[in-house]
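I opened this notebook to record, one look-up after another, what I could read from the coordinates. The entries go from single residues to helices and then to a whole chain.

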Amino acid sequence: MPVPYQLQCRECRALWGNQPVSFCQNCFAPLEVTYDLAQIRGQFNKDEIARRGTTLWRYKELLPLPEVCDASLPVGFTPLVKAAGLGDYFRSKSLYLKNDAVCFPSLSFKDRVVAVALTQARNFGFEIVSCSSTGNLANAVAAQAARLGLKACVFIPADLEPAKIVNTQVYGAKIIRIAGNYDQVNRLCSQIADKHRWGFVNVNLRPYYAEGSKTVGYEIAEQLGWRLPDNVVVPMAGGSLITKIYKAFNELMELGLVERKNVKLFGAQATGCSPISAAVKAGRTEIDPQKPNTIARSLAIGNPADGYYAASTITGSGGWAEDSSDPEIVDAIMLLAETEGIFTETAGGVTVGAARKLYGQGRIRPEETTVLCITGNGLKTTDALAGRFEESEPIAPKLAFFEEYLERELVKEAK
Amino acid sequence: MNVTVHIPTAFRRHTGGVEKFECSATNLNDVVDTLGTRFPELKPHLRDQDGKIRRYLNIYVNDEDIRFLGANHLFSEGDEITLVPSIAGGK
């Protein structure tokens, strides 16, 4: 049986079979994977899924996987955490965190997209896999390529956080640092992919790669007991993730796995790079590119590839978009850590900071079920907290010194 | 005054394989019109029904996205104009 999916132009709807291209050869608009849901329907049900391993491969029928592929890496199925502490802060009793800060293997949601993209990279016979990255994607490509025995060569803006660079190099991947911002790196990669036969996960493999993001949506629905939330707050860089969560919910409704519901999608950006949220706030779907200036470097994409589609999804769902300034991002990182024990990177700070505003504005109501997508791990961006905590003086390893210390601290606290 | 226009592989099926060409276009509208006149097969893919340049067509002047320079930006002698289809993205 042929695979039940193929590439389709998002604008002219032309069908392109399966091949490593990201845009329509007729009209140059982006391609996305379309499924024959009639063929998929009835191939699996909730009980069948429940029996499968707790990884993103449990939704294999809804992913563009080759007939033969290595689906053994336990990626995805991250915790959906009921957030009582942060919920109290927002006066909400039904707040959840989708915690991809602990996604396997490289601690961000990018492991999902890469897992799917690399099955196709192998299928198409690429020996070198690559990407343009703000850090997390490079980590995910490097880690998974190492395991699959593929060569990885990734392109990053030169000013990335040191942790994200080491977290790529350790897997033996080649890093090419570009003296420019992400958008410039991205353009260069489009030109390289045009000339060299490399598997760029987010360029020529992009339609397949992007489908991996849908698993965030499937997992949210399943972990809520096969029901959809009222709201989801999603960080936006290129804008793909938010559109794919929406697509996932629609597929589940179409397949009868969840009841029909209008889920509101809310997008979060850093104020210093907010082309999509600016468009939503202005009531537009056309995107004016920006020059990024934010500590949330994983979201610093001024020319978002899926910006138009993200803005359309948000407004079409009845949602909204908000942005967080650099100080608000740091405050939100600490708020999440102190209330929920989850340390997220700056992108998570953007999401929590935006949620804070959305609750404040009454756009998200406390009685509604809301999920915040935490997409990355705080250990990768510790520099964002530099200077936030005082370095304490060490004390001698003697009980008397500890007692003295305790007394001093108690006095301090009493003040 | 001449500028060089670079055409990506995907577009070349509409340009008879031409990879780059020189022209005397002076600004964005001019270069898009020149492309459409010179390569009639490419023309419908450059602008939408309202005559606006299609949103997934990215145009760079040297290394800068033309949207930062403004639609009325005047080209200079020797400028390299690069077309890039539906650019990739991140999160």
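Entry 1, a loop residue. I began with A:Ala384, which sits in the loop of chain A between β12 (370–374) and α15 (399–414). I noted at the outset that this is a predicted model. Setting aside neighbours within four places in sequence, I found A:Ala384 in contact with A:Ile295, A:Val330 and A:Thr346. I also took the separation to A:Gln6, a residue 378 positions away along the chain, and the two C-alpha atoms came out 42 Å apart.

Entry 2, a helix pair. One of those contacts, A:Thr346, turns up again in the packing of two helices, where it is among the residues of α14(A) that meet α13(A). I computed the geometry of helix α13 (residues 326–340) and helix α14 (residues 346–360), both of chain A, and obtained an angle of about 90° with the axes 7 Å apart. Angles of 65 to 115 degrees count as roughly perpendicular, and α13(A) and α14(A) are therefore roughly perpendicular to each other. From α13(A) the residues involved are A:Glu328, A:Ile329, A:Asp331, A:Ala332, A:Ile333, A:Leu335 and A:Leu336, and they meet A:Thr346, A:Gly349, A:Val350, A:Val352, A:Gly353, A:Arg356 and A:Lys357 of α14(A). Sorted by class, this contact comprises 7 nonpolar, 3 polar and 4 charged residues.

Entry 3, one residue from that contact. I then followed A:Val350, which belongs to helix α14 of chain A. Is A:Val350 buried or exposed? Its relative accessibility is 0%, so A:Val350 counts as buried. Beyond its neighbours within four places in sequence, A:Val350 is in contact with A:Ala268, A:Gln269, A:Ala270, A:Ala296, A:Leu299, A:Ser324 and A:Ile329. For a long-range check I used A:Asn18, 332 residues apart from A:Val350 along the chain, and the C-alpha atoms of the two are separated by 36 Å.

Entry 4, a lysine. I looked up A:Lys164 in helix α6 (residues 162–169) of chain A, and I found that this lysine is buried, with a relative accessible area of 1%. When residues up to four places away in sequence are not counted, A:Lys164 touches A:Thr134, A:Gly135, A:Asn136, A:Asn139, A:Ser298, A:Glu345, A:Lys380 and A:Thr381.

Entry 5, backbone exceptions. Before listing these I reminded myself that most residues other than glycine have a negative phi, and that most peptide bonds are trans. A:Phe28 has a positive phi, near 70°, without being a glycine; this residue lies in the loop between β1 (5–9) and β2 (31–35) of chain A, and at 1% relative accessibility A:Phe28 counts as buried. A:Phe77, likewise not a glycine, has a positive phi of about 45°, and I located A:Phe77 in the loop between α2 (46–51) and β3 (80–82) of chain A. The peptide bond that joins A:Phe104 and A:Pro105 is cis, with omega about 0°, and A:Pro105 lies in the loop between β4 (95–99) and α4 (110–123) of chain A.

Entry 6, two helices and their surroundings. Helix α10 (residues 240–254) of chain A has 15 residues and reaches 21 Å from its first C-alpha to its last, close to the 21 Å expected at 1.5 Å a residue. Because 12 of these 15 residues are buried, α10(A) is largely enclosed by the rest of the structure. The buried residues include A:Lys244, A:Lys247 and A:Glu251 as well as A:Phe249 and A:Met253. After α10(A) comes A:Gly256, with a positive phi near 75°. For helix α7 (residues 182–195) of chain A, 14 residues should span 20 Å at 1.5 Å a residue, and the end C-alpha atoms are 20 Å apart, which agrees. Its buried residues are A:Tyr182, A:Asp183, A:Val185, A:Asn186, A:Arg187, A:Cys189, A:Ser190, A:Ile192 and A:Ala193. Their cover includes β5 (128–132), β6 (151–157), β7 (174–178) and β8 (199–200) of chain A, together with β3 (57–61) and β5 (80–85) of chain B.

Entry 7, chain B. Chain B has 2 helices and 5 strands, and from the N terminus its elements run β-β-α-β-β-α-β. Its radius of gyration is 13 Å, close to the 12 Å that the globule rule gives for 91 residues, so chain B is as compact as a globular protein of that length. I also noted that 47% of the 91 residues of chain B count as buried.

How values were computed. Residues numbered from 1 in each chain as written. Chains lettered and ligands numbered in written order. Predicted model: local features only at pLDDT ≥ 70, side-chain atom pairs only at ≥ 80, totals over all residues. Heavy atoms only, no water. Axes fitted to C-alpha atoms, helices over the stretch in contact; angles between N-to-C directions. Parallel < 35°, antiparallel > 145°, perpendicular 65-115°, else oblique. Contact = heavy atoms within 4.5 Å. Nonpolar A, V, L, I, M, F, W, Y, C, P; charged D, E, K, R; others polar. Expected span 1.5 Å × (residues − 1). Buried < 20%, exposed > 50% of the residue type's maximum accessible area, 1.4 Å probe, protein only. Rg over C-alpha atoms; globule rule 2.2 N^0.38 Å.
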